[in-house]
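Me: Could you walk me through this structure, a bit at a time? I have it open next to the sequence.

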Amino acid sequence: MLDGIPGKDALCAVNGEDDWRLLRRLDVPEGETGVGGRVDTVIGVVVDCETSGLGGDDVIIELALRRFRADPNGVIVKIDRHYSWLEDPGQDLAEDIVRLTGITDADVAGKSIDDEAAVRLLRSADFVCAHNAQFDRGHIERRLPGAAGLAWTCSCSDIDWRGSGYDGRSLGWLLAQAGYFHGAHRAGDDVDAVIALLRQDLPSGRTALAEMLETARRPTWRFRAVGAAFELRNQLRMRGYRWDGEGDPKCWWRDVPDERRAEEEWWLAGQVYSVSARPKALGPTVERITWRERYAPASP
C-alpha cells in the first residue's frame with residue numbers, strides 16, 4: 001500500500017471492510033449478459049438528454065439512448081449498442097453548461113438529431129426509462145413529437161432507494177453506493193449508469209428494474225386541489241402537493257397510489273374542503289394516471 005492507497009492484492013478484501021470503499025469505472029458492454037431467461041421478455045430503452053439550460057425554453061444539445069431486453073423477473077438479459085446525437089441549439093452555450101457537460105459550441109456546430117432513427121428506436125421499446133423522467137420526457141416530446149404518448153418509467157422516483165438502504169437518489173451517488181463511478185453529465189454515460197442501477201439486486205430479492213416496473217405499471221390518482229385557500233399552501237406542500245402555475249386552473253396537485261386514494265379523499269375533505277377552510281370549489285378533481293400519462297409535459 002502506497003500513500004494510503006490499497007494495492008491490487010488488497011482489492012478483494014477492501015469491499016468487505018467498513019473503512020474502505022472501492023469504486024470501479026463503469027463498463028456496460030453490448031450483448032448477452034449471461035443471466036436471466038429468454039421467454040416473455042420485454043424491451044426497455046433508457047434515455048438521457050443534456051440541454052442548453054434548465055428552463056422551459058431551453059433545448060436539447062445531446063440525446064443518448066440504449067435499449068435492453070429483460071425477462072419477467074426484471075433481469076436484464078441483453079443490452080443493445082449506444083445511440084447518441086449532438087444538436088446545435090442555434091446560439092452560444094452558456095459557460096456553466098460547457099463546464100458541466102464538457103460540450104462546446106464547436107462540438108454541436110451544424111449537428112442535429114436523426115429524428116427518424118430516434119423516434120423509431122423509442123417506439124420499438126415497451127417502455128422508456130430516464131432517471132428524471134419529468135425532465136427528459138418533456139424535452140424529448142417537445143423535440144420529437146412522434147415519440148409522444150409512450151409508456152414512461154423513472155429510475156429515480158419509481159424505485160424506493162431509501163427503503164432498500166441507499167442514501168439519496170441522485171444518479172452519481174446511487175451509482176457510487178453500488179460500487180461504480182462514471183463520466184457524469186454526458187448523456188451516454190448517464191444512460192449506462194441507469195442500466196447498471198436497474199441491474200442491482202435489492203434486499204427484497206428483486207432487481208431494481210423489477211421494482212420500478214411494478215410501481216410504474218400500477219395506476220395512480222392525480223388529485224388537483226382546485227379552489228384551495230391560499231392560506232393552506234404550506235399544509236399542501238407538506239402533504240406532498242406541488243404547485244402547477246401553468247394549468248387552467250392553477251392549483252396544487254399530487255399523485256397518490258390506488259391503495260391510498262380513500263385516505264387522500266378524507267384528508268382533503270377535512271383539511272381543504274371543509275366549510276371552515278373557505279374553499280372556492282366543492283372538491284378536488286381526480287384523474288386516473290397510467291405510465292402513458294405519468295411524467296408527461298403539461299399541454300400547451
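Me: Let's start with one residue: is Ser124 buried, partly exposed or exposed?
Reply: This is a predicted model, and in it Ser124 counts as partly exposed, because its relative accessibility is 32%, which falls between the 20% limit for buried and the 50% limit for exposed.

Me: Where does Ser124 sit in the chain, and which residues does Ser124 touch?
Reply: Ser124 is found in the loop that links α4 and β7. Leaving aside residues up to four places away in sequence, Ser124 touches Ile43 and Arg67. In addition, the side chain of Ser124 reaches the backbone oxygen of Leu121 at 2.7 Å.

Me: How far is Ser124 from Pro89 in space?
Reply: From C-alpha to C-alpha the two are 27 Å apart, and along the sequence 35 residues separate them.

Me: OK, let me zoom out. How many helices and strands does the chain have?
Reply: There are ten helices and 13 strands in the chain. Its C-alpha atoms fill a box of roughly 70 × 50 × 45 Å along the principal axes, and buried residues account for 43% of the 300 residues.

Me: What about contacts, how many of them join residues at least 24 apart?
Reply: If you take the contacts between residues at least 6 apart in sequence, 65% of them join residues at least 24 apart. As for the outside, the chain exposes about 16,500 Å², and carbon and sulfur atoms supply 49% of that area.

Me: Which residues of helix α5 are buried?
Reply: Helix α5 covers residues 133–143, and its buried residues are Ala133, Asp136, Arg137, Gly138, His139, Ile140 and Glu141. A general point helps when you look at a helix: an α-helix has 3.6 residues a turn, so residues three or four places apart point the same way.

Me: And what covers the buried residues of α5?
Reply: The cover includes three strands that you can find by their numbers, β3 (42–51), β4 (60–70) and β7 (127–130), and it also includes helix α4 (115–123) and strand β8 (152–154).

Me: How do β4 and β5 pair?
Reply: They pair in the antiparallel sense over three bridges, and Phe68 has Ile79 in β5 as its bridge partner. The two strands form a hairpin with five residues between them, and in the turn Gly74 has a positive phi of about 80°.

Me: Which other residue has Ile79 as its bridge partner?
Reply: That is Gly31. Strand β2 (residues 31–32) is joined to strand β5 (residues 76–79) by two bridges, and these strands also run antiparallel.

Me: Further along the chain, what order do the strands of the open sheet follow?
Reply: The open sheet has four strands in the order β11-β12-β10-β13, with antiparallel pairing. At its edges are β11 (242–244) and β13 (285–289), each of which pairs on one side only. On average, neighbouring strands of this sheet are turned by 35° against each other, if direction is ignored.

Me: What lies across that sheet's β10, β12 and β13?
Reply: Helix α10 (residues 261–271) lies across them, and it runs at about 10° to β10.

Me: Which residue in β12 stands opposite Asp244?
Reply: It is Cys251, and the strands β11 and β12 (residues 251–257) pair over three bridges. Cys251 counts as buried because its relative accessible area is 2%, under the 20% limit.

Me: Since we've reached a cysteine, how many disulfides are there?
Reply: A search of the whole structure finds zero disulfides. For Cys49, the nearest cysteine sulfur belongs to Cys154 and is 13 Å away, whereas a disulfide would need the two sulfur atoms within 2.5 Å. Cys49 is buried too, with 4% relative accessibility.

Me: Last topic, backbone oddities: which peptide bond is cis?
Reply: The bond from Asp248 to Pro249 is cis, with omega near 5°, and Pro249 has its place in the loop between β11 and β12. For background, most residues other than glycine have a negative phi, and most peptide bonds are trans.

Me: What is phi of Asp40, and what is phi of Arg278?
Reply: Asp40 has a positive phi near 55°, and Arg278 has a positive phi near 50°. Asp40 lies in the loop between β2 and β3, while Arg278 lies in the loop between α10 and β13.

Me: Are those two buried or exposed?
Reply: Asp40 is exposed, at 62% relative accessible area, and Arg278 is exposed, at 61%.

Terms used:
Residues are numbered from 1 along each chain as its sequence is written. Side-chain values use heavy atoms; hydrogens and water are left out. Buried means under 20% relative accessible area, exposed over 50%, partly exposed in between (1.4 Å probe, protein chains only). Contact means heavy atoms within 4.5 Å. Two strands pair if DSSP finds at least two bridges between them. Axes are lines fitted to C-alpha atoms, for helices over the stretch in contact, and angles run from 0 to 180 degrees between N-to-C directions. Accessible areas come from the Shrake-Rupley method with a 1.4 Å probe; for residues, only the protein chains shown count as cover. A polar contact is a pair of N or O atoms within 3.5 Å; within protein, one must be able to donate a hydrogen and the other to accept it, and residues adjacent in sequence count only if both atoms are side-chain atoms.
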